[in-house]
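Biologist: Could you take me through the strands of this one, up close? I'd like to hear who pairs with whom, and what the side chains are doing along the way.

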Amino acid sequence: MDRAGKRLTEYENDSNNKLLFTTIYKITSTSKGNAGNIKGIYTGHPSVNTKDKPFTPLDILATPSDNILVVDWEISVIHILNSDGEFISYCCIYNIGIQYPHSLALSTQGKHYIGCVNGEESPENYKAKLYEVEYLGV
C-alpha cells in the first residue's frame, strides 16, 4: 500500500498459480524495498531443516545492515538471509539455552531481543522469556 492507503501490489500465487501463503503472520522490509516482484521463496536450509525438523518460521526482522533474520521456532534456529532473501548462515540458539523463539525486536545497536515461550503444554508453564543478545555483523 502507498501512504494514502491505495493498494499497490497483491501477492497470492506464484508464477505457476500455486498458493504462496497459508497464513501471513509477520512481514518486514529492507531499505532496498521491493520493485513489486517476488525475488525468491526461502523454505529453510537442508543442514538444519529436514523431514523430521521442518522449517517453521514464526517471525522475521530486517536488521540495520539489511540482512533478514527468520526465527525457526520449533528447532530454535535463526536463519540469516541477505536483503535478496538468499541464505547467508544460521545460528542455533538452542545451543546457548534459548528455546522456542517466537519474536524478534531491535534494541540498541549491536543488540536484539528474542522473545520465547515455554514449550510445555500446561497453563503454569506458559511463561514468556525475553533475551537480549549481542550480535556482530548481521
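Modeller: Sure. Keep in mind that this is a predicted model. Mean pLDDT for the chain is 83, with 86% of the residues at 70 or more. Confidence is highest in strand β3 (residues 77-81), at a mean of 95, and lowest in β7, at 88.

Let's begin with β2, residues 68-72. This strand is mostly covered, with five of its five residues buried. I68, V70 and D72 point one way, while L69 and V71 point the other, and all of these are buried. That back-and-forth fits the usual pattern: in a regular strand, side chains alternate between the two faces of the sheet. So in β2 the residues pointing either way are buried, D72 included.

Now for the partners of β2. Strand β1, residues 57-62, pairs with β2 in the antiparallel sense, over five bridges. If you want a spot to check on screen, look at D59, which sits opposite V71 of β2. The β1-β2 hairpin has five residues between its strands, and D66 takes a positive phi there, near 70°.

Strand β3 is also joined to β2 by five bridges, again running antiparallel. Here D72 has V77 of β3 as its bridge partner. β2 and β3 make a hairpin too, with four residues between them. In that turn S76 has a positive phi, about 55°.

Further along the chain, there's an open sheet of three strands in the order β5-β6-β7, paired antiparallel. β5 (101-106) and β7 (129-134) are the edge strands: each has a single partner, so one side of each is left without a neighbour in the sheet. On average, neighbouring strands in this sheet are turned by 25° against each other, ignoring direction.

Zoom in on the β6-β7 pairing and you'll find six antiparallel bridges, with β6 covering residues 111-116. One pair to look for is G115 facing L130 in β7.

The charged side chains add another link between these two strands. As a general point, side chains of opposite charge can pair when their charged atoms come close. A search of the whole structure turns up one salt bridge. It joins the side chains of E132 and K111, at 3.8 Å from N to O. Since E132 belongs to strand β7 and K111 to strand β6, the pair ties together parts that are 21 residues apart in sequence. How covered are the two ends? E132 has 44% relative accessibility, so it counts as partly exposed. K111, at 24%, counts as partly exposed as well.

Last, the cysteines. There are zero disulfides in the structure. C91 is in no disulfide, and its nearest cysteine sulfur, on C92, is 7.3 Å away; the cut-off for calling a disulfide is 2.5 Å between the sulfurs. C91 has 35% relative accessibility and therefore counts as partly exposed. C116, on the other hand, counts as buried because its relative accessibility is 3%.

Terms used. Residues numbered from 1 in each chain as written. Predicted model: local features only at pLDDT ≥ 70, side-chain atom pairs only at ≥ 80, totals over all residues. Heavy atoms only, no water. Pairing = 2+ DSSP bridges. Helix = DSSP H or I, 4+ residues; strand = E, 2+ residues; numbered from the N terminus. Axes fitted to C-alpha atoms, helices over the stretch in contact; angles between N-to-C directions. pLDDT = per-residue confidence, 0-100. Buried < 20%, exposed > 50% of the residue type's maximum accessible area, 1.4 Å probe, protein only. Salt bridge = Lys/Arg side-chain N within 4 Å of Asp/Glu carboxyl O.
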